[in-house]
Amino acid sequence: MPGLPGRLLLRRLRLGSASSSCRPYAHTAANSASSVATPTPTSNAAPSPEGLSYLHNTGSDPLRYISVGQLSARAAQRYGDRDAVVSVEEGVRLTYRQTLQLADSMAAGLRRLGLQQGERVAIWGPNSWRWVVTKIAVARAGMVSVDINPVYREQEALHCLSLARVAAVVVAEEHRGVRYHDLLSAIVPELAGTTGTGRESIKSAVLPDLRNIISLAKTAPPGCLSFDDVMSSASAEDVKAVEALDADISPDHGSNIQFSSGTTGRPKAILLPHLGVVNNGFFNGKRFGFHEKHHVVCLQTPLFHVYGTIVIMSSVINHGATLVLPCAGYDPRRGIAATLSEKCTVMTGTPTMHVDMVRAVEAQGTKLDTLELAITGGAPITPDFVRRMKSTLGVKRICSVYGLSETSAVVFQGTKDDTEAQMAETVGRIGENIEAKVVDPQDRLVPFGEPGELLVRGYCNMKGYFQNEEATAKTLVDGWIRTGDKFVLNESGYGRIVGRLKDMVIRGGENIYPKEVEDAIGTNADIEEVEVVGVPDERMGEELCACLKVRRGATVTAQDLRTFLKGKVASYKIPRYCVTMTDFHKTLSGKIQKFKLREECERLLAEGKLDEVKRK
């Protein structure tokens, strides 16, 4: 994935040491590095009982109390002519100084359109150098970026644009056969009859806050402004005005909105502060070793996701690394080619992407001899695959990360001293300046080593769900984010996911909430009832299986579902499998027992009895 409870309270303190900074820790006014919402009363604070799952990593570095825009300016000043972004497919190479100059020109152009500080600007498109520049430009202008999944279709995009109340959209021309102007014309019918250049503000009935659409196409389509024209419209005085905005943009202000589906299946808008985005990148980069030398990072994950924009992009800017974009989307062959041509030292991806990379390298017989680190997250990996990655990709270390959009991305990361078992079997060690605890259903701390729900508190926490105070109050409680993940902590600070309290399915690193898919399938007249569950898959981690009750005389196959859902939901949300049932497992009160459905589907999958869409 945002009326918002609480603010971040900061103390710029250097606390603890690298060797002793992670321990059961009393949360008091004297030692709190950061907290969110209402602080815990300190008059009766006491150390956590020995042996119970509560940790506070006080860190060896203080928080950086700066905005994303200030971070970008400092990086340009410090790293100047070092490559910041290399877009291989586009043939573009930008230094840190050039990136800031372009971003400030774009920020000034946005302001010339009448866009104001605090307004939301959506970025909708695949990876490109213009995406990076726009992201920084929005931050420099004191606006809030709204990152939209490039594979979203009409209804999904409409919901996100409406919920975030966007004032402008910066949009790509097309991606994988999808023409974004066609989608926007369906969302905003007023565009269809427009023949002008887009200089006049859009007046949309369904998106009343929307005023401008800025296209990345070489020639702006009807009703849209050209990205290059907006950027070049700014005068030198306009750019200086952007530079003077720094003092007005607080690190506590909203920086960007990410979308994450909730238990209802409808995406929620997660509002993250500059403070979280900057510092999560800084501390991630430390764990990755970006502060020790200049690294060249191959980004295979999409920039719209927190993995791309915070875990990697913010880490790169914080430590002066170089971000390499192999192509607009994900292509393991182009990732290999970019790694070779740019001599990348870091490879990023989900476990699924790393599986593909290993297979592609083995198939091509390519030798990669510059990689030092592989960063992985979104799903677990096995010890055998750790060894395979090291031998095939040549990486010396694999760093797993764990977090969620509501925590500005990462909460646990691997360390350089991890064993192969720790790399594979844990999600790493608790991050700096973060608290974590594991509780039972009554919110009591469980002993170390026992499972319960993971709760997180720190600088990283979201400000809240934009336009959704009720959902915020359920997730952000007394400053703690309820993750919904079943988790195990040990006293050394390492964590392990043992299950999910919610029904979310993780397919290839993408979070999918079954309710959204069920709602789309339920519009099929031949289907009376549907439940969607996840089943194991060697490559993707999990695949979706639709359990159907169909009307009498009807037949619905997995291929029928795929055809029906095409264009209704993103392609990765379309179930690979389906099975028709006469009834679903239910409790005596009539509540469907999804875990029993999942067990049944796993059994049928093992027996080869699930109807499957054959992948090309």
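**Close-up views of salt bridges and nonpolar cores**

**View 1. Asp-440 and its partner Arg-444.** Asp-440 is buried (under 20% relative accessible area, with exposed over 50% and partly exposed in between, for a 1.4 Å probe and protein chains only), its own relative accessible area being 17%. Its side chain meets that of Arg-444 in a salt bridge, 2.9 Å from N to O, the term denoting a side-chain nitrogen of Lys or Arg within 4 Å of a carboxyl oxygen of Asp or Glu. This is a predicted model, in which local features need pLDDT of at least 70 and side-chain atom pairs count only at pLDDT 80 or more, whereas totals for chains, interfaces and linings use all residues. Residues are numbered from 1 along each chain as its sequence is written, and side-chain values use heavy atoms, with hydrogens and water left out.

**View 2. The salt bridge between Glu-372 and Lys-293.** The closest N and O atoms of Glu-372 and Lys-293 are 2.7 Å apart. Glu-372 is partly exposed, with a relative accessible area of 23%, and Lys-293 is likewise partly exposed, at 38%.

**View 3. A salt-bridge network.** Arg-507, Asp-537, Glu-543, Arg-576 and Glu-612 are joined into one network by salt bridges that share partners. A search of the whole structure finds 41 salt bridges.

**View 4. Two nonpolar cores.** The largest nonpolar core (buried Ala, Val, Leu, Ile, Met, Phe, Trp, Tyr and Cys residues joined through side-chain atoms within 4.5 Å) has 94 residues, and those with the most contacts inside it are Ile-214, Ile-312, Ile-375 and Phe-412. A second, separate core has 57 residues, including Leu-161, Leu-163, Ala-172 and Val-532.
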